[in-house]
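User: I have a model open and would like to go through it with you. Could you start with the term we need for talking about burial?

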Amino acid sequence: SLKDFKENHSDIPVIASGSLFRIKIRRQKNSKEGFFFPVGATEDLILYPLTFKEYLYNANRPLYDKLCEGYASFTPFEQDVHLLAMEQLRNYLLVGGLPEDIRLFLDTGSRLESRDNLVSIYGDYLNDIDLYGVPRETTIRCRKLFDNLYVELNREHPDFRPSLLEGKAKVRDY
């Protein structure tokens, strides 16, 4: 359908998002039949979360300008400017860098609404794991890993230990 828009409706801008994971799997499964991807008809963009600088620019433009001036001139900030900047940093760290969550927070002032949205996205990722047609065991392990991602990332020891997720599991199982 993307190729059709390119060829027959090029005056209509189209944005499609998602991972290419399903396409990769379909290519492997349907290698004899051939699976066609619209080469040359798409442009890939990789999006990243907003940085604190981008967040501050949208959340409090006067403060952003003041901080940029101070950094450029190597001028120390007054106490009230520093406290306001620290409050904005705290908000950014609590809300995160996802554009939709930031928009919700800036529109409503509610960290709870942005958190609810994040929980919804997290649930979508979990539900998406089932869509790839992989063996049930793989799906279960993916869910376990995803459910414990924060625990794994917050541990003192940097090595991944699957035995924390599943009794006698080995790294190769994951």
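Analyst: A residue is called buried when its relative accessible area is under 20%, and exposed when that area is over 50%. Please keep in mind throughout that this is a predicted model.

User: OK, so is asparagine 91 buried or exposed?
Analyst: Asparagine 91 counts as buried, because its relative accessibility is 7% and the cut-off for that label is under 20%.

User: Where is asparagine 91 found, and what does it touch?
Analyst: Asparagine 91 is found in helix 5, and, leaving aside residues up to four places away in sequence, it touches Tyr55, Phe105 and Arg111.

User: Tyr55 is a ring residue; which residues does it cluster with through ring pairs?
Analyst: Ring pairs link Tyr55 with Phe52 and Tyr92 into a cluster, and a search of the whole structure finds 6 aromatic pairs.

User: Switching to pockets: what volume does the second largest pocket have, and which helices each supply at least two residues of its lining?
Analyst: The second largest pocket has a volume of about 210 Å³, and at least two lining residues come from each of helix 3 (52–59), helix 4 (61–73) and helix 5 (79–95).

User: How do the lining residues divide by character?
Analyst: The lining of the second largest pocket divides into 10 nonpolar residues, 1 polar and 1 charged; among the lining residues are Phe52, which also belongs to the ring cluster with Tyr55 and Tyr92, as well as Lys53, Tyr64, Cys68, His82 and Met86.

User: Which of those is the charged one, and which the polar one?
Analyst: Lys53 is the charged residue of that lining and His82 the polar one, because Lys counts as charged, whereas His falls outside both the nonpolar and the charged lists.

User: Now the backbone: what is odd about phenylalanine 74?
Analyst: Phenylalanine 74 has a positive phi of about 55 degrees although it is not a glycine, and its place is in the loop between helix 4 and helix 5.

User: And is that side of things buried or exposed?
Analyst: Phenylalanine 74 is exposed, because its relative accessible area is 76% and the label requires a value over 50%.

User: Last topic, the whole chain: how many helices and strands are there, and how much is buried?
Analyst: The protein chain has 9 helices and 0 strands, and buried residues make up 20% of its 174 residues. The chain exposes about 13,700 Å², of which carbon and sulfur atoms supply 56%, while 37% of the contacts with a separation of 6 or more are between residues 24 or more positions apart.

How values were computed:
Residues are numbered from 1 along each chain as its sequence is written. This is a predicted model: local features need pLDDT of at least 70, side-chain atom pairs count only at pLDDT 80 or more; totals for chains, interfaces and linings use all residues. Side-chain values use heavy atoms; hydrogens and water are left out. On a 1 Å grid over the protein atoms alone, a cavity is a set of points where a 1.4 Å probe fits but cannot get out, and a pocket is an open set with protein on both sides within 12 Å along at least five of seven lines; lining residues have an atom within 4 Å of a point. Grid points are joined across faces, edges and corners, and a volume is the space filled by probe spheres set on the points. Helices (H or I, at least four residues) and strands (E, at least two) are DSSP runs, numbered from the N terminus. Rings of Phe, Tyr and Trp (its six-membered ring) pair if their centres lie within 6.5 Å; planes under 30 degrees apart count as stacked, over 60 as edge-to-face and the rest as tilted. Buried means under 20% relative accessible area, exposed over 50%, partly exposed in between (1.4 Å probe, protein chains only). Contact means heavy atoms within 4.5 Å. Accessible areas come from the Shrake-Rupley method with a 1.4 Å probe; for residues, only the protein chains shown count as cover.
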